[in-house]
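The exercises that follow ask for careful reading of one model, and each is paired with a solution that goes step by step. Please have the sequence and the coordinates open before starting.

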Amino acid sequence: MNAPETDPAGGPDGEVLPVVAPHLRELRRRASLTLEAAARTAGLSPAHLSRLETGQRQPSLPMLLALARIYGTTVSEVLGETSADRDAIVRAADMEPTAAGGWTYWQAGAPGRGMQALRVHVPHGAQGDIVRVHPGEEWLYVLSGRLRLRLGDSAHLLAAGDSAHFDSLTPHRIAAQDPAGVELLFVHTLLQSPTATLCLGPTTGGMP
């Protein structure tokens, strides 16, 4: 499923994520990046990044991860959570769902840490053609459903209880095998560098 326009990660036009937009411009300026430089690093046009900053376009979860790395921060801060919210315990009642790029995710770890822990629901057909390559490590655990995971040239089908731990520089794709989708626990490292990048792009065909 290819995204509209030329951006591989954004949501449809007209979708707004109000809690994100107010922080994006502030974080970019704090990282001393111009709109053009930040857009180029993220693989976007300056016009598209401007629409993200004004709330006219909704970023996907991979785009939130990319912007967090580019700006040397965490997804939690991009979402507007402050360090005062940091705690060792995360209660189920406090895990508010956020929809982005067709995925639904819940913060499963404390904000502002060097690792981000998420519970993610990936619907069938959502972003199955997006290739991700970025510094760091990822660990995922299948809670329910079946996951199609492409790592480099190898394809894997993971069922509930299976897990994967890999270097994020390995090109990888994630997709749900079944119509009901797949639910994951997902942990990734956040490199605290404004020059760290996440390269996203749709492939010419769907996952095998």
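Two residues are in contact here when they have heavy atoms within 4.5 Å. The model is a predicted one, and side-chain atom pairs count only at pLDDT 80 or more.

**Exercise 1. Describe the surroundings of E53.**

Solution. Begin with the position of the residue: E53 lies in helix α3. Next take its accessibility, which is 7% in relative terms, so that E53 counts as buried, the cut-off for that class being under 20% relative accessible area. Finally list the contacts, leaving aside the neighbours within four places in sequence: E53 then touches A21, L24, R25, R28, L35 and Y71.

**Exercise 2. Determine which residues of helix α3 are buried, and how they are arranged about its axis.**

Solution. Helix α3 comprises residues 46-53, and its buried residues are H48, L49, L52 and E53. When one looks down the axis of α3, these buried residues fall within an arc of 145°, and they therefore line one face of the helix. The general background is that an α-helix has 3.6 residues a turn, so residues three or four places apart point the same way. As a further step, ask what lies over the buried residues of α3: the cover includes α1 (21-30), α2 (35-42) and α4 (61-70). Beyond the helix, α3 is followed by G55, which has a positive phi, near 80°.

**Exercise 3. Find the salt bridges that E53 forms with R25 and R28, and state what they tie together.**

Solution. The cut-off needed is a side-chain nitrogen of Lys or Arg within 4 Å of a carboxyl oxygen of Asp or Glu, and under this rule the count comes to four salt bridges. In the pair of E53 and R25, the closest N and O atoms are 3.3 Å apart. Since E53 belongs to helix α3 and R25 to helix α1, this pair ties together parts that are 28 residues apart in sequence. In the pair of R28 and E53, the closest N and O atoms are 2.6 Å apart. Here R28 lies in helix α1 and E53 in helix α3, so the parts tied together are 25 residues apart in sequence. As for accessibility, R25 is partly exposed, with a relative accessible area of 32%, whereas R28, at 7%, counts as buried.

**Exercise 4. Analyse the salt bridge between R119 and E183.**

Solution. The closest N and O atoms of R119 and E183 are 2.6 Å apart. R119 is in strand β3 (residues 115-122) and E183 in strand β10 (residues 182-189), so the pair ties together parts that are 64 residues apart in sequence. R119 counts as partly exposed at 23% relative accessibility, while E183 is buried, with a relative accessible area of 18%. To close the survey, salt bridges that share partners join R25, R28 and E53 into one network.

**Exercise 5. Locate the largest nonpolar core with respect to the two domains.**

Solution. The largest nonpolar core has 43 residues, of which Y105 and L147 touch the most other members. Helix α4 gives the most to this core, with eight residues. Because domain 1 (17-79) and domain 2 (92-190) both give residues to the core, it lies between them. The contacts of Y105, again leaving aside neighbours within four places in sequence, include L61, L64, V75 and L79, as well as L118, R119 and V120.

Methods
Residues are numbered from 1 along each chain as its sequence is written. This is a predicted model: local features need pLDDT of at least 70, side-chain atom pairs count only at pLDDT 80 or more; totals for chains, interfaces and linings use all residues. Side-chain values use heavy atoms; hydrogens and water are left out. Buried means under 20% relative accessible area, exposed over 50%, partly exposed in between (1.4 Å probe, protein chains only). Helices (H or I, at least four residues) and strands (E, at least two) are DSSP runs, numbered from the N terminus. The arc is that of the directions from the helix axis to the C-beta atoms. A nonpolar core is a set of buried Ala, Val, Leu, Ile, Met, Phe, Trp, Tyr and Cys residues joined through side-chain atoms within 4.5 Å. Domain bounds come from an automatic or database domain assignment.
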